[in-house]
Amino acid sequence: MNIQKSSGLIITNNSQQLTPTFFKMAHKIIFSRLSLSPREHDMLALFLSRLNKDHWSDFMAGETIVSPRYQFNSSVLAQWFGVDPKQLFSTLEKPASRLSSRTIGLVNEDSQKFSYTPLFKKIEYDDGVLHIVPNDEMIHAYLGVSQGHAKMDHRVFRMLKSEHSKRLYAMLSRFKDPATKLHPQTIEELHSFFGLLDSKGMLVKKSYQNNKVFMERCIRNSINEINKYDNLIQFNIYKLGNSEYFGFEPIKTGRKITSIRFIFSWLTDEKMLNMELEKLKNQPNPINELTLIYELVHGFVPEQEGNPTISELTMLQHGFGQLITMGKFIDQAFMVNFNLAKQEAA
């Protein structure tokens with residue numbers, strides 16, 4: 001076989017080259033042992049938002065010995081991470097350093113097999129440009145052709161502040177199809193899922209041995225944060241005696257919680273579209289309305305007459321992608337104002 005060398009460089013010069021709203025995460029990646037900080041999660045999501053199986057066709061066919069490398073310029077990075085371009089070095093240095101050495105534990109409980117593999121070969125930042133070289137041994141897991149994937153709204157994903165919220169959001173996003181059901185998860189399975197175990201299967205923090213601590217930090221807080229930022233997932237309340245549990249049912253053995261069933265549903269694309277059409281049908285110019293709400297949030301002053309309502313803020317959130325294509329900047333300062341406006345309107 002005649003193997004030719006290729007540069008394999010995938011360049012991203014503007015955000016329109018990323019997936020417009022959703023990015024995919026393969027089932028095998030979701031249900032792995034993986035512990036990342038919020039920024040590391042966002043960096044992985046950036047790579048997945050550019051990943052395409054066509055980038056790898058020559059390499060997987062053996063027609064080149066050089067695996068693809070991904071390059072992101074400063075304007076894309078500033079927009080994705082919500083910071084000023086001058087802050088990119090300080091924002092990305094430590095997360096990139098940690099992520100470049102992170103391993104992922106791919107576990108098969110049925111066959112009693114596991115493997116720990118580096119996620120990336122190299123992550124480099126040079127003069128406003130981020131270079132990501134994925135581990136080519138991970139490509140089948142990244143693409144996840146055979147096992148399915150989660151489809152996640154990257155805007156919501158990036159707004160989530162907790163690493164546990166991001167992990168749970170990925171899990172719940174895997175089950176958007178009403179025909180698929182997430183079976184109850186044991187506490188031990190959830191310890192693994194949230195990246196709380198070391199390579200020997202031991203808890204990395206003793207505090208998580210306390211179920212009350214684990215439930216508060218990883219389950220309740222995560223559900224509440226996801227509920228705050230994504231209007232398309234609906235969590236139900238489970239009642240047990242005088243107790244209420246938002247978004248999950250605790251399954252007990254004796255008095256101890258041993259498993260959890262998450263109670264949630266997703267609005268379908270058709271329902272979502274109908275809701276948006278209903279909101280917009282009486283508006284003579286939806287673009288002008290969206291721009292007006294954006295400007296109100298951009299210059300937000302608390303307790304002012306005419307501040308946006310919760311429905312207007314919801315419409316604005318769904319229009320983030322459209323605003324970005326119009327050249328509007330959805331940065332960290334804007335999101336601070338957005339959250340303040342949402343708290344006031346609630």
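This text leads through a predicted model, from its nonpolar core to its aromatic pairs and then to a single loop residue.

The largest nonpolar core comprises 92 residues. Within this core, the residues with the most contacts are Y142, L172, F214, I219, F262 and L316. Helix α10, which spans residues 211–229, gives the most to the core, contributing seven residues. F262 offers a view of the packing at one of these positions. When neighbours within four places in sequence are set aside, F262 is in contact with ten residues named here in order: L168, M171, L172, L182, Q185, L190, I219, I223, G247 and F248. Among these partners, L172 and I219 also appear in the list of core residues with the most contacts.

Aromatic rings form a second theme. Across the whole structure, a search finds 17 aromatic pairs. One of them joins Y294 and F334 in a stacked arrangement, with 4.8 Å from centre to centre and 20° between the planes. This pair links distant parts of the chain, since Y294 belongs to helix α12 and F334 to helix α15 (residues 332–345), 40 residues apart. Both partners fall under the 20% limit for burial: Y294 counts as buried because its relative accessibility is 5%, and F334 counts as buried because its relative accessibility is 2%.

Elsewhere, ring pairs connect F31, F175, F193, F194 and F214 into a cluster. F214 is also one of the residues with the most contacts inside the largest nonpolar core. F193, another member of the cluster, has R167 lying over its face, at 4.5 Å from the ring centre. A similar placement involves a tryptophan: R158 lies over the face of W80, at 4.2 Å from the ring centre.

The last stop is N307, in the loop between α12 (286–298) and α13 (310–318). Is this loop residue buried or exposed? N307 is buried, because its relative accessible area of 17% is under the 20% limit. Its side chain has polar partners. A polar atom of the N307 side chain lies 3.0 Å from the backbone oxygen of V301, and the side chain of N307 also makes a polar contact of 2.8 Å with the side chain of E344. Apart from neighbours within four places in sequence, the residues in contact with N307 are F300, V301, P302 and E344.

Definitions and conventions
Residues numbered from 1 in each chain as written. Predicted model: local features only at pLDDT ≥ 70, side-chain atom pairs only at ≥ 80, totals over all residues. Heavy atoms only, no water. Helix = DSSP H or I, 4+ residues; strand = E, 2+ residues; numbered from the N terminus. Buried < 20%, exposed > 50% of the residue type's maximum accessible area, 1.4 Å probe, protein only. Polar contact = N/O pair within 3.5 Å; in protein donor to acceptor, adjacent residues only side chain to side chain. Contact = heavy atoms within 4.5 Å. Phe/Tyr/Trp six-rings, centres within 6.5 Å; stacked < 30°, edge-to-face > 60°. Lys NZ or Arg CZ within 6 Å of the ring centre and 35° of its normal. Core = buried A, V, L, I, M, F, W, Y, C linked by side-chain atoms within 4.5 Å.
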